[in-house]
Amino acid sequence: MAGAVMLAATALAQGGAATSPPVAPASQATPAERSAADWLMRLHEASRRRTYIGTLVVTSGGSMASSRIWHVCDGQQQMERVESLSGAPRSTFRRNDEVITFSPQTKVAVAEKRESLGLFPNLLKAPDSAIDQFYSARAQGSERVAGLEADLVQLTPKDALRFGYRIWSEKKTGLVVKLQTLDAEGRVLEQVAFSELQLDAPVSMDKLTQMMRNTDGYTLEKTELVKTSAAAEGWQLKKPVPGFKPMSCYRRPAGAARAADTLVQWVFSDGLASVSLFIEPFDRRRHGAEGTMAMGATHTLVRRLAERPGQDGGWWLTAVGEVPAATLQAFAQGLERRK
Amino acid sequence: MTTHEMNERELVSALADGQLQGDDIARALALIERSEEARAYWHACHLVGDVLRAQELAADAARDAAFVARLRQRLQAEAPQPNLVTAIELVAVGADSERVEGQKNFKDPVANDASLRWKLVAGFASLAAVVAVGWQLVSQDGTAQGGAQLAQAGGEPAQVMLRDPRLDQLLAAHQQFGGTSALQMPAGFLRNATFERPAR
């Protein structure tokens, strides 16, 4: 698959800072024998090469959201426009890893650079990729989604620390048209699906670029982030959670009203699921009940850490991830203050 | 046709094509609201699009109006349900949502497809009243105090959906920089951009 190698090179060029692991040629597997990583590579490739317009519906934790999507790719550049159809009006534009979200009601436009988008497909290509080690893939025939024939593959976790996925990919293009996140009992926690999709629809990249640049009348905000490391911030994970590798660590202002406080975000991923550990100084006025919460597939754990009597209030941990609550507990138990 | 009319038609057409942003959308909607002509043109734009896509969708405008009129009649005939939203908010969390003993039943992959559909219906009904993202409490390690605001008093705290702006903020940050997943590019990014994100 020469295409895969080219893709990796393109992603590296776009990601910029991403480190380059040796690229192993993908196996020439038939659909029935594809590994989880092979499947994901095919899906990724499809999303990069296609131009389409569609309506996406997300159902999660009893609530629903939908949006209209325009996607265009000229082989090198990728652009996307996501127009929310539910909730507050919102337009999101993406050009490769640059993202800008317009909120017409507040007249605020938030610009971000999402380096995590450039990390792929290194996640899959890395020789120590956790995906095949922690998930098994099984083809489950085909079904129709949004009027299109789709291949169905199920990714089943090999332990209880992650969720399973069912992925429908359009037969000819490989484009993901439906995605479900499943718990250990096989119940659907969250679903993302196109209700309507026009493949190879006419989408003008010039027009999208023009719309993305047009921030007239909007207050442009940029998220201030400082790259750091967990060690520099005084944290370590004394007991790693199987499959989850540290990906990045940032320091960010904790909130507009309290710019002096900083918040550390330490990000882990097993290739499919990701976990963010948010750590900040404990504040009795703001931090109250400890506990675990769920919204669809996303779980959250809040807990007070490393309280040192007489010195300070310790720390406040908020762990967020598309993983079972037990996984977040494992992170919370393994986190240790070193300073 | 005057220049003025031309501009109005172009505006409506652009709205139908999804080419407008911000103020222009508001301007176009206001126009459609006050001008019968603009409304007719709006309908014509959709009709043209529908005909291009599928023959059977090319129904005439009177049919839509008749449907709305019938729906209105039926809604007026229905008995009011004052406690609807309250009932929807109190979605009980199954005690087994934390069970982690493995993939015993994984062979039946869509065990709750039907129940998902039920939740979806509930979601529709509550959407108008409760736009906020709700968190369900899974388990309680401590006593409830401060921080989280309970959306609904009474009943077991462990069965209540709650809303916490701070959590929403962190969730947004997680989606923004924590979405390190092989699924991020095909679907994850679109999912996050679609799902209600709290204002930052």
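A residue counts as buried when its relative accessible area is under 20%, as exposed when that area is over 50%, and as partly exposed in between. The structure described here is a predicted model.

**Strand β1 and its neighbours**

By that criterion, eight of the nine residues of strand β1 (residues 52-60) of chain A are buried, so this strand is largely enclosed by the rest of the structure. What does β1(A) pair with? One partner is strand β2 (residues 63-73) of chain A, which runs antiparallel to β1(A) and is joined to it over nine bridges. Within this pairing, Val58(A) has Ala65(A) of β2(A) as its bridge partner. The two strands form a hairpin with two residues between them. In the turn, Gly61(A) adopts a positive phi of about 55 degrees.

Strand β11 (residues 188-199) of chain A is also paired with β1(A), again in the antiparallel sense and through nine bridges. Here Ile53(A) has Gln198(A) of β11(A) as its bridge partner. In a regular strand the side chains alternate between the two faces of the sheet.

**Salt bridges**

The model contains 15 salt bridges over all chains. Three of them are set out below.

| Salt bridge | N to O distance |
|---|---|
| Asp270(A) and Arg162(A) | 3.0 Å |
| Asp183(A) and Arg187(A) | 2.7 Å |
| Arg251(A) and Glu233(A) | 2.6 Å |

Which parts of the chain does the salt bridge between Asp270(A) and Arg162(A) tie together? Asp270(A) lies in the loop between β16 (262-269) and β17 (274-281) of chain A, and Arg162(A) lies in the loop between β8 (148-157) and β9 (164-170) of chain A, so the pair connects parts that are 108 residues apart in sequence. Both Asp270(A) and Arg162(A) are buried. These two residues also belong to a network of salt bridges that includes Asp159(A).

The salt bridge between Arg251(A) and Glu233(A) likewise links distant parts of the chain: Arg251(A) is in strand β15 (residues 245-253) of chain A and Glu233(A) is in helix α7 (residues 230-233) of chain A, 18 residues apart. Are its members buried or partly exposed? Arg251(A) has a relative accessible area of 30%, so Arg251(A) is partly exposed, whereas Glu233(A), with a relative accessible area of 14%, is buried.

The salt bridge between Asp183(A) and Arg187(A) also joins a buried residue to a partly exposed one. Asp183(A) is buried because its relative accessible area is 7%, while Arg187(A), at 22% relative accessibility, counts as partly exposed.

Technical notes:
Residues numbered from 1 in each chain as written. Chains lettered and ligands numbered in written order. Predicted model: local features only at pLDDT ≥ 70, side-chain atom pairs only at ≥ 80, totals over all residues. Heavy atoms only, no water. Salt bridge = Lys/Arg side-chain N within 4 Å of Asp/Glu carboxyl O. Helix = DSSP H or I, 4+ residues; strand = E, 2+ residues; numbered from the N terminus. Buried < 20%, exposed > 50% of the residue type's maximum accessible area, 1.4 Å probe, protein only. Pairing = 2+ DSSP bridges.
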